[in-house]
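Welcome to a short set of exercises with worked solutions. Please keep the sequence and the 3D view open as you work through them.

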Protein chains: 4
Amino acid sequence: MNRAEPLGVAVLGAGRMGADHVRRIAEVIGGARVAAVADVDAARAEAVAAGVAGCAAYPDPVAAMDDPGVDAVLIASPGPAHEAALLAALERRLPVLCEKPLTPDAAAALRIVHAEAALGRRLIQVGFMRRYDADFQRLKALLAGGEQGRTLLLRCTHRNASTLPGFTDAMLVNDSVVHEIDTARWLLGQEITAVTVHRPRPSGRAPRGLGDPQLLVFETDAGVLVDVEIFVSCGFGYQVRCEAVNEGGTARVGDDGHLFLNAAGRWGGVIPGEFTERFADAYDREVRAWVAAVRAGRAEGPSAWDGYAAAAVCEAALRAQREGGRVTVESAGRPALYEGA
Amino acid sequence: MNRAEPLGVAVLGAGRMGADHVRRIAEVIGGARVAAVADVDAARAEAVAAGVAGCAAYPDPVAAMDDPGVDAVLIASPGPAHEAALLAALERRLPVLCEKPLTPDAAAALRIVHAEAALGRRLIQVGFMRRYDADFQRLKALLAGGEQGRTLLLRCTHRNASTLPGFTDAMLVNDSVVHEIDTARWLLGQEITAVTVHRPRPSGRAPRGLGDPQLLVFETDAGVLVDVEIFVSCGFGYQVRCEAVNEGGTARVGDDGHLFLNAAGRWGGVIPGEFTERFADAYDREVRAWVAAVRAGRAEGPSAWDGYAAAAVCEAALRAQREGGRVTVESAGRPALYEGA
Amino acid sequence: MNRAEPLGVAVLGAGRMGADHVRRIAEVIGGARVAAVADVDAARAEAVAAGVAGCAAYPDPVAAMDDPGVDAVLIASPGPAHEAALLAALERRLPVLCEKPLTPDAAAALRIVHAEAALGRRLIQVGFMRRYDADFQRLKALLAGGEQGRTLLLRCTHRNASTLPGFTDAMLVNDSVVHEIDTARWLLGQEITAVTVHRPRPSGRAPRGLGDPQLLVFETDAGVLVDVEIFVSCGFGYQVRCEAVNEGGTARVGDDGHLFLNAAGRWGGVIPGEFTERFADAYDREVRAWVAAVRAGRAEGPSAWDGYAAAAVCEAALRAQREGGRVTVESAGRPALYEGA
Amino acid sequence: MNRAEPLGVAVLGAGRMGADHVRRIAEVIGGARVAAVADVDAARAEAVAAGVAGCAAYPDPVAAMDDPGVDAVLIASPGPAHEAALLAALERRLPVLCEKPLTPDAAAALRIVHAEAALGRRLIQVGFMRRYDADFQRLKALLAGGEQGRTLLLRCTHRNASTLPGFTDAMLVNDSVVHEIDTARWLLGQEITAVTVHRPRPSGRAPRGLGDPQLLVFETDAGVLVDVEIFVSCGFGYQVRCEAVNEGGTARVGDDGHLFLNAAGRWGGVIPGEFTERFADAYDREVRAWVAAVRAGRAEGPSAWDGYAAAAVCEAALRAQREGGRVTVESAGRPALYEGA
């Protein structure tokens, strides 16, 4: 590509998430343009493409990648479609930003890892957008700076106001706790090796059949403990909190309020209702950073290995939920391509 | 008095404040006992005295002071009765804790100051209980420690949920802002020399005829500015805040919440409804410190001079309210007895 | 005793804690006086007694209880001396405030429980002073009020700046986590039935041989989970935090700062160095409440059963520390005397 | 312009602020491109233009506006050059985003207002970027929602760590307090009618000749008071705070910390050093909103009238600084074009 020209992006999937990325590339961030949109629902692809100058619509994701204006791919289709799209992109040497999960299970993720490793260069970035949140970046910088010494505990809280009926124990791990899994790996630079799940009585507000809240305790290969309170029917809003307990102090993000109120016997502030509100800026930063890296010929951000590693930990957590006790994580070896990343 | 025996206190006034002090001396603090209670309403005095072993009741305050078990006097009668009681106590060389105001006006306060100065020893402590609040004491210690350099501004907020009908502009100064006047003098160790009153449109919740809130700006003899937001019908609770803006940083008390809640889209805590809740511990500390000082033969705490100085500033503030513009404080000279206190 | 007279207290133990209670009864709180002090070190008992009018010194605790001026007993001697002193007090029908632990182990505590139950009336209060902290009382009132529904999780943090060399894993439980054990039982009104201990790598600042920090997860008979971060060599100060996660919101105490500073690129406040600073008021309230209850002929506060229950949970936690995995608590039945308390 | 094409912007001024806007348009935001850069220092213009594909460099601002690729103008040249550039843009009917101040004085600003009013349509937006800060927008929404009733006071704090030597009393108003002037007008939807300046002793850290801090009290045409602490050599960082005191509660922005630390006896967080750090997102949002509005053919944001109104209040504040007392603001009538904006 001509570096002076905007990056031509094919967006795969024109659902809620895909359409939002199209809007982001077209209106919010710079340096890129949407060259093609693909969706199995051709009408939906066309409706989204119609709002963007010079954007073609395709029912087939591979055809979209082959559009002559395409320099890179953003995958926002349902999880089961990811593997085929990722392999096609790798074949074409196209950089990819793939919404989480990389694939629905660890085995498929490992196939992607091996395919990319075989190419000998990184092309894939996984959409763990929390790494792009300004507050988490401040926390990461503080830990990396070393002023508080080694981290011993990571204490995490993840609360959603409510979920849809039909939300399951497995979704609790795969859709929600997966963020803490990646956050912990990223903040600590360590791999998770075991997990225990503690389950209190469920809230009366939890969907039928869901054990909510739960308390998960992860162990890393360096002996750090990560405990996660996950509570997806807390009722009062969306709240994410993470405190690193270090040898020389602690550091915490979350909980802070931007608007402080006094009213009717109460001081305090407002809790956002949705993760889209809390992490809106993180999504913008994520896609902007990806565009800038691709244009500069660099590979940054969460890798396919990060996608695989999260999937492997999720599988262990699911077994701990079902069977109780402490379950060790079974992980493949990390290919040399991902060393030091 | 025998220092091993508890201090015998005559409490003058058996109304709400007097009865509360009787309870405090009898049940909460150590080292003292209520030896006599006086109230012009003899039945009320007797009812309060009946609950305390060895406590006599009197309709006449001077008779109560002359009870053989009395070592010290606590004045909690209405302000107009203070001057006579104070002079009688001085005559008998009895230590006094006098609820604020020392007297209703500056001229009477000055007569008390001169009477005490003529004795050549301090016997009177005025009930500015905010000096005994643990947080204000922390602020005072920080400023005294000098780590943040000289103070330039003192920014104060004083809010009450509501007042009784009939609350006037003068009461706003004499009953409410008088606390900031004493606090400023005490924290800074400076005298207030001028005052300006700024008046916004009044709240629709303010009692008829009351200009509420108001913003008062005081100047000290060392050139520090003290601004006070007074808002006695703020509706949401009782809140006192004070930030010292210093050359090397700022320090603030108030605003902190002890119980932190997440609920229904809001984070935050509870605002107390009344000053009695906010400053309950300060009253206990105040009377305990007075008892300990008297038993040790010391005179500490806010002096008659502090009572006079506050009254003189209040008179200037009332004129600034009525006439607008900047009004200078007219103060008598400080007798040698009060130097360095 | 004559209710108009102050309560005559025998203080057993004239070490740091005992001497502090003598000071508290003599100078800080009302309604009681120190009638006798006992210590095996007779000189130490005499030195402490000498500062208090009408106070006798004894080398023998039972002799102190038999002093004619004694109405009640405060035990502040070392834990191994508690059982004999408690039994002697029960024999004499003297109300007792016993510093924690009730006894060093659960078996001895159970003997005390049975002895008191045989008398058919409560005479013993255990010194779990955190129940008297104003913030924890606010939290208890909120949970009892039911506005946030049932509690599901209790998330606790307990940090000390440092410990003495020689501090052991067992002391971590018996001296530190025992406070969270009692707090959880009291806040929830539930018994703890099982415990798991998670251990991260220890801090380089921990004393040799101590696994610090640790993460303990308790389960109650109603299915609530209580997780406790205990970190006794955190380095930065003393910090106690407790968040109740309820069906309709969360409520937290701890973390709040009284003095808020801006200085040199940082906003924030001061962390106290010691529990004595953080809980000074709680000790005062505890002893005052005990004196008032005894004078009124009532038995309130943490009971001998509470002392036993905490000891039984500690024993399970110690086994979980040593052996790993989940350990159930073995508890004797609760005598009828303690029902509903 | 073709709405599907990016907006071609001429950036006037290639200094620090202009270069930053070039970077923002080229790399951060979408929908626009830098078509031309002008600077009297031709080499500087060329250096900046060289980094952007398809961008021409000019020494003359009018020539840059006449570049065929230009659809709109962003003025980031020194204040004295603004009037000529604005008039040239108006003549060409080009939409303009003009960095504050609109012009260096109220008389020139009024000439701009009249020139735009004569055209009968709004083309000018002034760079009061605080209106684009997410927290201030939350505060504005809350006040507009009316849930807390009418505003009575606006209490503002504006602190900078330090200034350059040579910073004057006039710059304190024109460069710093001008933000609070615009914020107050915007939040309240009212005009400022009078101002009083209170001056404490200056900080020893203030540049020679500067009276710093100062306390300004503004009055609005609806009777609201706005007090502003301005302290440009506070030493500890950059801090902006604004509390609206309303009839039914208060609402505040500022002071909140994103990263919360426990370390060495202190809890708290970090204060940014510079306004560029605090308001980085606001600048992005401002330019993005301007680009979107221009492309949609709308005129939004702070108008030339807002620029004039701020200048008129500044002139009154400068007189109040010099002469003392209360100074009324002399303002021209608001042309119909700006009604309701």
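Contact means heavy atoms within 4.5 Å. The model is predicted: local features need pLDDT of at least 70, side-chain atom pairs count only at pLDDT 80 or more, and totals for chains, interfaces and linings use all residues. Residues are numbered from 1 along each chain as its sequence is written, chains are lettered from A and ligands numbered from 1 in the order in which they are written, and side-chain values use heavy atoms, with hydrogens and water left out.

**Exercise 1. Find the operation that lays chain C on chain A, and say through which surface the copies meet.**

Step 1. Recall that two copies of a chain are related by a rotation about an axis and a shift along it.

Step 2. Superpose by least squares on the C-alpha atoms of residues with pLDDT of at least 70 in both copies. Chain C then goes onto chain A by a turn of 180 degrees and a shift of 0.0 Å along the axis, with an RMSD of 0.1 Å.

Step 3. Look for the residue of chain C that comes closest to the rotation axis: this is C:G325, with its C-alpha at 3.8 Å.

Step 4. Compare the interfaces. Since 100% of the interface residues of chain C are also interface residues in chain A, the copies meet through the same surface.

**Exercise 2. Work out how chains B and D are related.**

Step 1. A turn of 180 degrees with a shift of 0.0 Å along the axis lays chain B on chain D, at an RMSD of 0.1 Å.

Step 2. The two copies are therefore related as by a two-fold rotation axis.

Step 3. In chain B, the C-alpha nearest that axis belongs to B:G325, 3.8 Å away.

Step 4. Here 100% of the contact residues of chain B recur in chain D, and the same surface serves both copies.

**Exercise 3. Describe the fold and dimensions of chain A.**

Step 1. Count DSSP runs, numbered from the N terminus, taking helices as H or I of at least four residues and strands as E of at least two. Chain A has 10 helices and 15 strands.

Step 2. Take the radius of gyration over C-alpha atoms, and the globule rule as 2.2 Å times the number of residues to the power 0.38. For 341 residues a compact globule would have a value near 20 Å, and the 20 Å of chain A agrees.

Step 3. Add the extents: the C-alpha trace spans about 55 × 55 × 45 Å along its principal axes.

Step 4. Check sequence separation. Of the contacts in chain A between residues at least 6 apart in sequence, 71% join residues at least 24 apart.

**Exercise 4. Decide whether B:A43, B:R185 and B:R241 are buried or exposed.**

Step 1. Set the cut-offs: buried means under 20% relative accessible area, exposed over 50%, and partly exposed in between (1.4 Å probe, protein chains only).

Step 2. B:A43 sits in helix 2 (residues 42–50) and is exposed, because its relative accessible area is 53%.

Step 3. B:R185 belongs to helix 7 (residues 169–188) and counts as buried at 7%. Beyond its neighbours within four places in sequence, its contacts include B:R131, B:W305 and B:D306.

Step 4. B:R241, in strand 11 (residues 239–246), counts as buried at 9%. Its C-alpha is 5.0 Å from that of B:T157, 84 residues apart in sequence.
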